[in-house]
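Here are my notes on the model you asked me to look over. Please read them with the structure open beside you.

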Amino acid sequence: MLEKRFPNIKVIESGVKQLKSEEHCIVTEDGNQHVYKKLCLCAGAKPKLICEGNPYVLGIRDTDSAQEFQKQLTKAKRIMIIGNGGIALELVYEIEGCEVIWAIKDKAIGNTFFDAGAAEFLTSKLIAEKPEAKIAQKRTRYTTEGRKKEARSKSKADNVGSALGPDWHEGLNLKGTKEFSHKIHLETMCEVKKIYLQDEFRILKKKSFTFPRDPKSVTTDTEMWPVYVELTNEKIYGCDFIVSATGVTPNVEPFLHGNSVRSLV
């Protein structure tokens, strides 16, 4: 579409394999080389996961990972969210029918967005029932064109898709297996100390906590979960999976090797 509207634009659909900065040349994954005069890198970022290679740790960064999260949530009774950024805040509010344990390293939620007073007010709203009527959006919204979704092959599993916009959760069914609206427990001033898979947890004979109904009453969980998270406050919770909403790292690997450039992010 852009090429038809603007004759001076050429669009190449391929990933970048290598940058040869001395030669002013980009090598793409299809084997072609493209010479440039000036180069603008808009490579985006990928999730900075708390644990790489764990099938029970999900990062939400692009449209594909958001779809995978929705798929996993439909089978979940309890999840844990790690992080205190925008995606974590939206998830905690939007998720229904699933127990949510939210662990943050700060004293209050959303500390990069609002002060402690606003955080206290919003924390009470998170626990309450959500209003049925949705607030009308008055800003411009963008969506992707409907087309066949190709299954990600293992070789492309590390590739990232389109970045999430402010309406990323619109159209997603963020509902677990239970018939209730909100069940959220907040753990502040803590981070992830250790992640255990079910077999490892059983062998170590550790004890996990049930979802807290009363802050003063803590009981041992008898249900077995696929994955367990030990926090730095010594509490352990079992869950179906973990959402690592802990920021991103820049996608700069293809541009650094053999070049005199460095990332400032």
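1. I begin with one side chain. K193 is partly exposed, with a relative accessibility of 47%. The cut-offs make the reason plain: under 20% would be buried and over 50% would be exposed, so a value of 47% falls in between. Keep in mind throughout that this is a predicted model.

2. K193 has a charged partner. The side chains of K193 and E234 form a salt bridge, with an N to O distance of 3.6 Å. K193 belongs to strand β9 (residues 192-197), whereas E234 sits in the loop between β10 and β11 (236-239), so the salt bridge ties together parts that are 41 residues apart in sequence.

3. A separate group of charges deserves attention. R78, E99 and D221 are joined into one network by salt bridges that share partners. In the whole structure, the search finds 7 salt bridges.

4. Take R78 and E99 from that network. Their closest N and O atoms are 2.9 Å apart. R78 is part of strand β6 and E99 is part of strand β7, so this salt bridge ties together parts that are 21 residues apart in sequence. Both R78 and E99 are buried.

5. The other salt bridge to describe here is that of D221 with R78, where the closest N and O atoms are 3.3 Å apart. This pair links distant parts of the chain: D221 is in the loop between α5 (198-204) and β10 (227-231), R78 is in strand β6, and 143 residues separate them. D221 is buried, as is R78.

6. Next, the sheet that contains β6 and β7. Which strands form this open sheet, and in what order? There are 5 strands, in the order β5-β12-β6-β7-β8, and the pairing is parallel. The edges are held by β5 (57-58) and β8 (183-187); each has a single partner strand, so one side of each is left without a neighbour in the sheet.

7. Some detail on one pair of strands in that sheet. Strand β7 (residues 99-103) pairs with β8 in the parallel sense over 5 bridges. Within this pairing, V100 stands opposite I184 in β8.

8. Two helices pack on the sheet. Helix α2 (residues 63-73) touches β5, β6 (78-82) and β12 (241-244), and the direction of α2 makes about 155° with that of β12. Helix α3 (residues 86-94) touches β6, β7, β8 and β12, and the direction of α3 makes about 155° with that of β7.

9. Elsewhere in the chain there are antiparallel strands. β1 is joined to strand β2 (residues 25-28) by 4 bridges, and the two run antiparallel. Here V16 stands opposite T28 in β2, and K20 has C25 in β2 as its bridge partner. The hairpin of β1 and β2 has 4 residues between the strands, and in this hairpin H24 takes a positive phi near 55°.

10. β2 also pairs with β3. These strands run antiparallel and are joined by 3 bridges; the bridge partner of V27 in β3 is Q33. The hairpin of β2 and β3 has 4 residues between the strands, and in this hairpin G31 takes a positive phi near 95°. Is β2 covered on one face or on both? Both faces are covered, with C25 and V27 buried on one side and I26 and T28 buried on the other.

11. Now a lysine in a loop. K37 is found between β3 (33-35) and β4 (45-47). K37 counts as exposed because its relative accessibility is 73%, and the cut-off for exposed is over 50%. The C-alpha atoms of K37 and E23 are separated by 10.0 Å, the two residues being 14 apart along the chain.

12. The surface also has a nonpolar patch. It is formed by M1, L2, F6, I9 and V11, which together have about 470 Å² of accessible area. One of these, F6, lies in the loop between α1 (2-5) and β1 (16-20). F6 is partly exposed, at a relative accessible area of 34%.

13. Last, the totals for the protein chain. Its secondary structure comes to 6 helices and 13 strands. Of its 265 residues, 31% are buried. The accessible surface is about 17800 Å², and 52% of that belongs to carbon and sulfur atoms. Among contacts with a separation of 6 or more, 66% are between residues 24 or more positions apart.

Conventions: Residues numbered from 1 in each chain as written. Predicted model: local features only at pLDDT ≥ 70, side-chain atom pairs only at ≥ 80, totals over all residues. Heavy atoms only, no water. Patch = residues over 30% accessible without salt bridge, like charges linked within 9 Å, V, L, I, M, F, W, Y side chains within 5 Å. Areas by Shrake-Rupley, 256 points an atom, 1.4 Å probe, with all protein chains shown as cover. Salt bridge = Lys/Arg side-chain N within 4 Å of Asp/Glu carboxyl O. Buried < 20%, exposed > 50% of the residue type's maximum accessible area, 1.4 Å probe, protein only. Pairing = 2+ DSSP bridges. Contact = heavy atoms within 4.5 Å. Axes fitted to C-alpha atoms, helices over the stretch in contact; angles between N-to-C directions.
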